[in-house]
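Hi,

Here is the structure I said I would pass on. Have a look at it first, and then read my notes below.

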Amino acid sequence: MTGAPWNLSGRGVVAVYGGREAGALMLVRYAQSGVGPYDELLWVSLSGAPQVTRIVVSTQASVVWGRRNWAIPKSRADFAWEGGPGREQVRVTQDGRLLAHLSVQAWGPSLPVTTAVVPAAWRTLVQPPLPEAGDRAALLTTVSASGRVRPARLSVIGGDVHPALLERRPLLTVAVPDFRMVFPVPRVRPA
């Protein structure tokens, strides 16, 4: 299966940053998706409508279908993991350049969460058309998810995935040891 919708499951970490360039850094290991397992590192801008502005994934199939289905500007990178859930590090490189060296520590009990209580506008990605899409309008994708979260610490050791991350600390970081998520067929925003 490659077209939308995708039913995904896996684990990850989410770090939310405030300030002028508010956003969320997400590191995800998908065990299941529309194109099989893959890893992902992304920055979601939260200044205005949520928009994925930087994203790398570990498989070319995820690049192709993420761009085609939802206009998400994915590119491919290599992910090297050390450790395991609860205490791990990952180095993300692209064409030999270090994008991110991250350390994640999680602790404590996990609590159930769901996006069902979050207003749809807060979880709707607004992705402008990609250059290869011609004159297609922006795509609106309202994501839904459920799973468990627990406290975590994300340390950015190096890399340039987002320049401000080396100088800033997240307002909130949670590990997501188990989640299920649906990326539906997007809606087209009229021009």
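Let me start with a charge and a ring: the charged end of Arg68 sits over the ring of Trp65, 4.4 Å from the ring centre. There is another case like that, with the charged end of Arg11 over the ring of Trp81 and 6.0 Å from its centre. Before you read on, please keep in mind that this is a predicted model.

Now the overall picture. The protein has one helix and 14 strands. Its radius of gyration is 16 Å, close to the 16 Å that the globule rule gives for 191 residues, so the protein is as compact as a globular protein of that length. The C-alpha trace spans about 45 × 40 × 35 Å along its principal axes. Of the 191 residues, 44% are buried. If you take the contacts with a separation of 6 or more, 59% of them are between residues 24 or more positions apart. As for the outside, the accessible surface comes to about 9,600 Å², and carbon and sulfur atoms own 57% of that.

On to the aromatics. I found five aromatic pairs in the structure. One of them is Tyr30 with Tyr38: the ring centres are 4.7 Å apart and the planes are at 40 degrees, so this pair is tilted. A pair counts as tilted when its planes are neither under 30 degrees apart nor over 60. Tyr30 is buried, at a relative accessible area of 7%, and Tyr38 is buried as well, at 4%.

Then there is Trp70 with Phe183, an edge-to-face pair at 5.2 Å centre to centre and 75 degrees between the planes. Trp70 belongs to helix α1 (residues 60-70) and Phe183 to strand β13 (residues 172-183), so the pair ties together parts that are 113 residues apart in sequence. Both Trp70 and Phe183 are buried. Trp6 comes in here too, as ring pairs link Trp6, Trp70 and Phe183 into a cluster.

While you are at the helix, look at Gly66, which is also in α1. Is Gly66 buried or exposed? Its relative accessibility is 0%, so Gly66 counts as buried, given that the cut-off for buried is under 20%. Apart from its neighbours within four places in sequence, Gly66 is in contact with Ala71, Ile72 and Lys74. For a sense of distance, Gly66 and Ser33 are 33 residues apart in sequence, and their C-alpha atoms are 11 Å apart in space.

Last, a charged residue on the inside. Glu40 lies in strand β3 (residues 38-45) and, with a relative accessibility of 5%, counts as buried. What does the side chain of Glu40 join up with through a polar contact of 2.8 Å? The partner is the side chain of Tyr30, the tyrosine from the tilted pair above. Leaving out residues up to four places away in sequence, Glu40 touches Met26, Leu27, Val28, Tyr30, Ile55, Val56, Val57, Lys74 and Phe79. Lys74 may ring a bell, since Lys74 is also among the contacts of Gly66.

If you want a route through the model, I would go from Glu40 to Tyr30 along their polar contact, on to Tyr38 through the tilted ring pair, and then over to the cluster of Trp6, Trp70 and Phe183.

Cheers

Terms used: Residues are numbered from 1 along each chain as its sequence is written. This is a predicted model: local features need pLDDT of at least 70, side-chain atom pairs count only at pLDDT 80 or more; totals for chains, interfaces and linings use all residues. Side-chain values use heavy atoms; hydrogens and water are left out. Rings of Phe, Tyr and Trp (its six-membered ring) pair if their centres lie within 6.5 Å; planes under 30 degrees apart count as stacked, over 60 as edge-to-face and the rest as tilted. Buried means under 20% relative accessible area, exposed over 50%, partly exposed in between (1.4 Å probe, protein chains only). Helices (H or I, at least four residues) and strands (E, at least two) are DSSP runs, numbered from the N terminus. A charge sits over a ring if NZ of Lys or CZ of Arg is within 6 Å of the ring centre and within 35 degrees of the ring normal. Contact means heavy atoms within 4.5 Å. The radius of gyration is taken over C-alpha atoms; the globule rule is 2.2 Å times the number of residues to the power 0.38. Accessible areas come from the Shrake-Rupley method with a 1.4 Å probe; for residues, only the protein chains shown count as cover. A polar contact is a pair of N or O atoms within 3.5 Å; within protein, one must be able to donate a hydrogen and the other to accept it, and residues adjacent in sequence count only if both atoms are side-chain atoms.
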